[in-house]
Amino acid sequence: MKKQEIVLTGDRPTGPLHLGHLVGSLQNRVKLQDLYKQYVMIADVQAMTDNFENPAKVRENVMEVMLDYLAVGIDPNKTDFFIQSMIPEIAELTVFFLNLVTVSRLMRNPTVKTEIKARGFEESIPAGFLMYPVSQAADITIVKGTLIPVGEDQIPVIEQTNEIIRSFNRLYQVNVFPEAQPLISRVARLMGIDGQAKMSKSLSNAIFLSDSPDVLKKRVMSMYTDQNHIRVEDPGQIEGNVVFTYLDAFDPDTIKVAEFKRHYQRGGLGDVKIKQYLFDVLNQLLTPIREKRAEYAQERGEVMKILLQGTDRVRQVAAQTMSEVRTSLKLNY
Ligand code: TRP
């Protein structure tokens with residue numbers, strides 16, 4: 001019999017979603033919603049932990065991210081979307097979980113360590129940022145999530161979630177929370193258009209799902225290829241070459257891609273020509289997404305309604321979980 005998983009996943013609303021999200025998580029969600037109960041959370045509270053000086057940015061991007069979700073085919077009839085800040089039970093559960101975690105353990109969490117560095121927080125770490133993995137444990141456990149699709153970089157956060165779950169169940173002699181299993185997508189991460197390891201809005205090397213054809217063309221034409229491939233007739237390198245990496249990731253015609261690779265390595269295939277081909281591939285992929293997104297963007301009121309309806313359903317699940325938590329903690333007055 002098929003195991004009944006509960007899928008919980010989400011994104012920080014700090015910008016529109018890009019191709020890295022598409023291959024890393026969005027395509028997975030479109031499949032998972034047919035197999036399991038799926039919750040997709042817009043993590044606005046978590047976004048605040050490193051954007052507390054700019055709440056307007058977080059607010060705007062809740063809608064942008066939601067438009068991206070709907071445009072790629074995450075279906076509100078199959079998936080419950082919700083806004084993290086509208087589930088106060090998550091904040092409540094976080095407070096109880098904080099007793100089960102030490103500051104030094106949080107400081108040793110590899111995800112937190114990397115992100116502290118990336119944000120220049122070394123000198124003075126906001127407490128809210130340091131403890132975000134605990135809040136993330138509450139995101140997951142409030143719906144009793146068992147399958148957590150995340151990027152590779154988030155694995156330590158899921159490990160820490162399971163430590164918290166085990167502590168809770170052991171200390172209070174209950175079995176309230178099932179353990180959570182990370183689900184890492186086949187294409188773990190997509191390199192940026194500049195050839196850096198990761199596509200990211202903050203590195204300005206992303207192609208957004210909402211990019212117009214003109215912008216897409218500009219970004220493809222600016223892609224990093226092979227610095228030594230100067231004349232068309234020179235042999236070119238495909239390793240670390242963004243254009244070929246993307247063709248591998250996005251062109252279903254693998255035979256044609258293999259031919260292009262041989263031609264490029266041999267010499268005689270120019271960057272502009274292969275970039276033009278990649279543009280066509282990406283534009284074909286993004287056109288239906290862009291069109292659907294534009295339609296939803298005309299109906300923002302309806303889109304918000306979908307989000308609030310999902311949130312209502314999650315609120316009920318969260319209340320049930322918190323009732324079990326309060327009983328476990330002898331706080332059921
Ligand atoms: N931390 C995740 C990210 O940056 C987003 C997130 C918040 C999340 N809460 C979650 C992902 C719970 C999965 C489960 O991508």
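Helices, as the term is used here, are DSSP runs of H or I with at least four residues, numbered from the N terminus. In this predicted model, Arg231 falls outside such runs, in the loop between helix H10 (213–221) and helix H11 (242–250). Because its relative accessibility is 52%, and the exposed class begins over 50%, Arg231 counts as exposed. Between Arg231 and Phe279, which are 48 residues apart in sequence, the C-alpha to C-alpha distance is 21 Å. Helix H11 itself contains Asp248, a residue that counts as partly exposed because its relative accessibility is 48%. The C-alpha atom of Asp248 is separated by 28 Å from that of Thr111, and the two residues are 137 residues apart along the chain.

The ligand sits in the largest pocket, where 13 residues surround it, the closest being Arg12, Gln46, Gln136, Asp139 and Gln154. By class, this shell is made up of six nonpolar, five polar and two charged residues. Among the secondary-structure elements, strand S1 (6–11) and helix H8 (132–142) each contribute at least two residues to the shell around the ligand. Several polar contacts can be described at the level of individual side chains. An oxygen atom of the ligand lies 3.1 Å from a polar side-chain atom of Arg12, while an N or O atom in the side chain of Gln136 is 2.9 Å from a nitrogen atom of the ligand. For Gln154, a polar side-chain atom is likewise placed 2.9 Å from a nitrogen atom of the ligand. Of the 360 Å² that the ligand exposes when taken alone, 89% is buried by the protein.

Helix H8, which supplies Gln136 and Asp139, comprises eleven residues, and eleven of these are buried, so the helix is largely enclosed by the rest of the structure. The buried residues of H8 include Tyr132, Pro133 and Val134 at the beginning of the list and Ile140, Thr141 and Ile142 at its end. Just after H8, Lys144 takes a positive phi of about 55°, a positive value in a residue other than glycine. Lys144 is located in the loop between H8 and strand S4 (147–149), and it is partly exposed because its relative accessible area is 22%.

A second residue close to the ligand, Gln46, also takes part in a contact within the protein: the side chain of Thr49 reaches the backbone oxygen of Gln46 at 2.6 Å. Thr49 is found in the loop between helix H2 (44–48) and helix H3 (55–72). With a relative accessibility of 15%, which is under the 20% limit for the class, Thr49 therefore counts as buried.

Two further positions lie in or after the helices that carry higher numbers. Gln276 belongs to helix H13 (residues 271–297) and counts as partly exposed because its relative accessibility is 32%. The C-alpha atoms of Gln276 and Phe82 are separated by 39 Å, with these positions 194 residues apart along the chain. Lys330 is placed in the segment after helix H14 (300–328), and its phi is positive, at about 60°, although the residue is not a glycine. Because its relative accessibility is 68%, Lys330 counts as exposed.

Key
Residues are numbered from 1 along each chain as its sequence is written. This is a predicted model: local features need pLDDT of at least 70, side-chain atom pairs count only at pLDDT 80 or more; totals for chains, interfaces and linings use all residues. Side-chain values use heavy atoms; hydrogens and water are left out. A residue is near a molecule or strand if one of its heavy atoms lies within 4 Å of it. A polar contact is a pair of N or O atoms within 3.5 Å; within protein, one must be able to donate a hydrogen and the other to accept it, and residues adjacent in sequence count only if both atoms are side-chain atoms. Accessible areas come from the Shrake-Rupley method with a 1.4 Å probe; for residues, only the protein chains shown count as cover. On a 1 Å grid over the protein atoms alone, a cavity is a set of points where a 1.4 Å probe fits but cannot get out, and a pocket is an open set with protein on both sides within 12 Å along at least five of seven lines; lining residues have an atom within 4 Å of a point. A molecule sits in a cavity or pocket if more than half of its atoms lie within 2 Å of its grid points. Ala, Val, Leu, Ile, Met, Phe, Trp, Tyr, Cys and Pro count as nonpolar, Asp, Glu, Lys and Arg as charged, and the others, Gly among them, as polar. Buried means under 20% relative accessible area, exposed over 50%, partly exposed in between (1.4 Å probe, protein chains only).
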